[in-house]
Amino acid sequence: MPAEAALDPISSAERERYRESGFFVRPGALGPGDLAPLRAAVEAIHARVVEAAGRVAAAPVERIDDRRYQSLLGSTVKWEWREGAPEIRSMEPFLHLDARLEGLVDDVRLAGPARELLGEPLALFTDKLNFKRPRGAPFPWHQDTPYWRFGCAHTDRLVSLQLYLDDATRENGCLWMIAGSHLHGDLPVHEDRGLLGRLYTDVDRVPAGERVPIEAPGGSVVFFHGDVVHGSRSNRGAGSRRALVLTYQPAGHPCWNREDVRNIRP
Ligand SMILES: O=C(O)CCC(=O)C(=O)O
């Protein structure tokens, strides 16, 4: 974190947007000087994971809903949907693989607004790294809360953010949000889509809400509620659309599906 990083308190407009729509965006919250080392760090992780997958003793690839998953380097790696593609779609957790990335969790530009939204000291809940390479698959509409409910009793006290490492556009598969969808609790899902597929929201059966593409430059941060319906389309661009996803919870709780507690430094 650069020494000059300082909390920019959330405005009443941002608070209202979060309350009414379930999200707000801070364009360019991190600058180019922050992004270059972060991009290098995530590419180093990608290379290490691909290398680990090629080892004879690597954990086997498992299939859920015919998608490829693999436990590598202490992370659950989801491979790109195209059969055989040696590209990571997303992996969770990932912060333990690089100290520069791990320190980001305390950065006031990320944790500060989350702390203001929750109104209490924070701990990390979970961390995910999404690569979305060119031709990377869409992320179907979904809410995060139903996924986390297995293993968390305080899903109403979580705040997530997505930090774009690259400029995000409709073409390269920016995030989309359905404004106000967080106000309705658990929404209908596609029961016939398999084990994880049944966590995808059936948007034809949810209350109407504006579908908002979050087009924003690299370094922008989207803060969002665990119940807001969100997703992304495939990457039709020539470059990656990489992003870090962090979720915070009240201090003192262990990370999701883990035993360690990672409190945020004030
Ligand atoms: O980054 C994306 O395309 C969407 C990711 C997402 O919604 C998730 O990781 O839960």
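The ligand occupies the space of the largest pocket, and this holds for a predicted model rather than for an experimentally determined one. That largest pocket has a volume of about 940 Å³, and among the 45 residues that line it, those closest to its centre are Lys-78, Glu-92, Lys-128, Phe-139 and Tyr-147. Two of these names, Lys-128 and Phe-139, also appear in the list of residues around the ligand.

**The lining of the pocket**
- When the lining of the largest pocket is sorted by class, it has 17 nonpolar residues, 15 polar residues and 13 charged residues.
- Glu-92, which is listed with the residues closest to the centre of the largest pocket, is joined to Pro-93 by a cis peptide bond with an omega of about -5 degrees.

**The shell around the ligand**
- The residues around the ligand are Lys-128, Asn-130, Lys-132, Phe-139, His-142, Asp-144, Gln-162, Leu-175, His-230, Ser-232 and Arg-241.
- Sorted by class, this shell divides into two nonpolar, five polar and four charged residues.

**Polar contacts and cover**
- In the side chain of Lys-128, an N or O atom is 2.7 Å from an oxygen atom of the ligand.
- His-142 has a polar side-chain atom that lies 3.1 Å from an oxygen atom of the ligand, while for Arg-241 the corresponding distance from a polar side-chain atom to a ligand oxygen is 2.8 Å.
- On its own the ligand has 290 Å² of accessible area, and the protein covers 97% of this area.
- Three elements give two or more residues to the shell around the ligand, namely β6 (122–130), β7 (139–142) and β12 (230–232).

**Backbone details in two loops**
- Pro-93, the second partner in the cis peptide bond with Glu-92, is found in the loop that runs between β5 (88–92) and α3 (99–104).
- Leu-73 is found in another loop, the one between β3 (67–72) and β4 (75–79), and this residue has a positive phi of about 50 degrees although it is not a glycine.

Technical notes:
Residues are numbered from 1 along each chain as its sequence is written. This is a predicted model: local features need pLDDT of at least 70, side-chain atom pairs count only at pLDDT 80 or more; totals for chains, interfaces and linings use all residues. Side-chain values use heavy atoms; hydrogens and water are left out. A residue is near a molecule or strand if one of its heavy atoms lies within 4 Å of it. A polar contact is a pair of N or O atoms within 3.5 Å; within protein, one must be able to donate a hydrogen and the other to accept it, and residues adjacent in sequence count only if both atoms are side-chain atoms. Accessible areas come from the Shrake-Rupley method with a 1.4 Å probe; for residues, only the protein chains shown count as cover. On a 1 Å grid over the protein atoms alone, a cavity is a set of points where a 1.4 Å probe fits but cannot get out, and a pocket is an open set with protein on both sides within 12 Å along at least five of seven lines; lining residues have an atom within 4 Å of a point. A molecule sits in a cavity or pocket if more than half of its atoms lie within 2 Å of its grid points. Helices (H or I, at least four residues) and strands (E, at least two) are DSSP runs, numbered from the N terminus. Ala, Val, Leu, Ile, Met, Phe, Trp, Tyr, Cys and Pro count as nonpolar, Asp, Glu, Lys and Arg as charged, and the others, Gly among them, as polar. Grid points are joined across faces, edges and corners, and a volume is the space filled by probe spheres set on the points.
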